[in-house]
Amino acid sequence: MTRTRIEVLRAANKLGAEADMSEALKYSRLYYQNALLGGTHTAYLVYDGSRFVGAGAVSYYKVMPTYHNPSGSKAYIMNMYTHPDYRRKGIAFRTLELLVEDIKSKGITSVLLEATDMGRPLYEKFGFTKMNDEMELILEDAIRLV
């Protein structure tokens, strides 16, 4: 799983083989060890024979309860990827269906994801809508500004 995660990161970030992924590899391995044992992660890896052709995953987490999400349980879909040779064959859609089925089975009603330009049409077709209120602070950048 760690190896496929690195392949997905390289593709999503348009990184060549020369990019040092050792830190991402180390922390991905630790993440999987903890999350899979703790039941806070579900992953699907898609193969054509022995060839890795796609992936999708979901991380589960808790936030404070809100009016619209009284349980505070949330799901974050990530690591969605289909090898270019296998795109437009329904692999990503089926992987997304499996992930959402898993999310529903846990009673979670709030699902988030970060969409690339390429993935956005798939997610919109599935029913995801763009959010307007979220913001992000990259702490390294904020520290430099102070």
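Is Arg51 buried, exposed or partly exposed? At 36% relative accessibility, Arg51 counts as partly exposed, a term for residues between buried (under 20% relative accessible area) and exposed (over 50%), worked out with a 1.4 Å probe on protein chains only. We will come back to Arg51 shortly, after a word on the model.

What you see is a predicted model, in which local features need pLDDT of at least 70 and side-chain atom pairs count only at pLDDT 80 or more, while totals for chains, interfaces and linings use all residues. Residues are numbered from 1 along each chain as its sequence is written, and side-chain values use heavy atoms, with hydrogens and water left out. The pLDDT is the predictor's confidence in each residue, from 0 to 100. The protein averages 92 on this scale, and 96% of the residues score at least 70. Among the elements, helix α3 (residues 91–105) has the highest mean pLDDT, 97, and helix α5 (residues 139–145) the lowest, 64. Helices (H or I, at least four residues) and strands (E, at least two) are DSSP runs, numbered from the N terminus.

Let us start inside. A nonpolar core is a set of buried Ala, Val, Leu, Ile, Met, Phe, Trp, Tyr and Cys residues joined through side-chain atoms within 4.5 Å. In soluble globular proteins, nonpolar side chains tend to be buried together. Here the largest core has 13 residues, and those that touch the most other members are Val58, Ile77, Met80, Leu96 and Ile103. Two or more residues come from each of β2, β3, α3 and α4 (120–126), with α3 giving the largest share, four residues. To get a feel for the surroundings of Val58, look at its contacts (heavy atoms within 4.5 Å). Leaving aside residues up to four places away in sequence, Val58 touches Thr40, His41, Thr42, Ala75, Tyr76, Ile77, Leu99 and Ile103.

Next come the aromatic rings. A pair of aromatic rings is described by the distance of the centres and the angle of the planes. Rings of Phe, Tyr and Trp (its six-membered ring) pair if their centres lie within 6.5 Å; planes under 30 degrees apart count as stacked, over 60 as edge-to-face and the rest as tilted. The structure holds six such pairs. One of them is stacked: Phe52 and Tyr81, with 6.0 Å between the centres and 20° between the planes. This pair links distant parts of the chain, since Phe52 belongs to strand β2 (residues 51–62) and Tyr81 to strand β3 (residues 73–82), 29 residues apart. Both Phe52 and Tyr81 are buried.

Phe126 and Phe128 make a tilted pair, 6.4 Å centre to centre with 35° between the planes. Phe128 counts as buried because its relative accessibility is 18%, whereas Phe126, at 26%, is partly exposed. These two also belong to one aromatic cluster with Phe93 and Tyr123. Phe93 lies in helix α3 and is partly exposed, at 26% relative accessibility. The C-alpha atoms of Phe93 and Tyr123 are separated by 8.6 Å, although the residues are 30 apart along the chain. Beyond residues up to four places away in sequence, Phe93 touches Leu122, Lys125 and Phe126.

Lys125 brings a charge to this cluster member: Lys125 lies over the face of Phe93, 5.3 Å from the ring centre. A charge sits over a ring if NZ of Lys or CZ of Arg is within 6 Å of the ring centre and within 35 degrees of the ring normal. Elsewhere, the charged end of Lys89 sits over the ring of Tyr86, 5.9 Å from its centre.

Charges also meet one another. Side chains of opposite charge can pair when their charged atoms come close. In a salt bridge, a side-chain nitrogen of Lys or Arg is within 4 Å of a carboxyl oxygen of Asp or Glu; by this rule there are six. Here Arg51 returns, forming a salt bridge with Asp85 whose closest N and O atoms are 2.9 Å apart. This bridge joins distant parts of the chain: Arg51 is in strand β2 and Asp85 in the loop between β3 and α3, 34 residues apart. Asp85 is partly exposed, with a relative accessible area of 48%.

Another bridge brings Asp117 and Arg120 together (2.9 Å, N to O). Asp117 counts as exposed because its relative accessibility is 66%, while Arg120, at 32%, is partly exposed. Finally, salt bridges with shared partners join Arg94, Glu97 and Glu101 into one network. Within this network, Glu101 pairs with Arg94, the closest N and O atoms being 3.6 Å apart.
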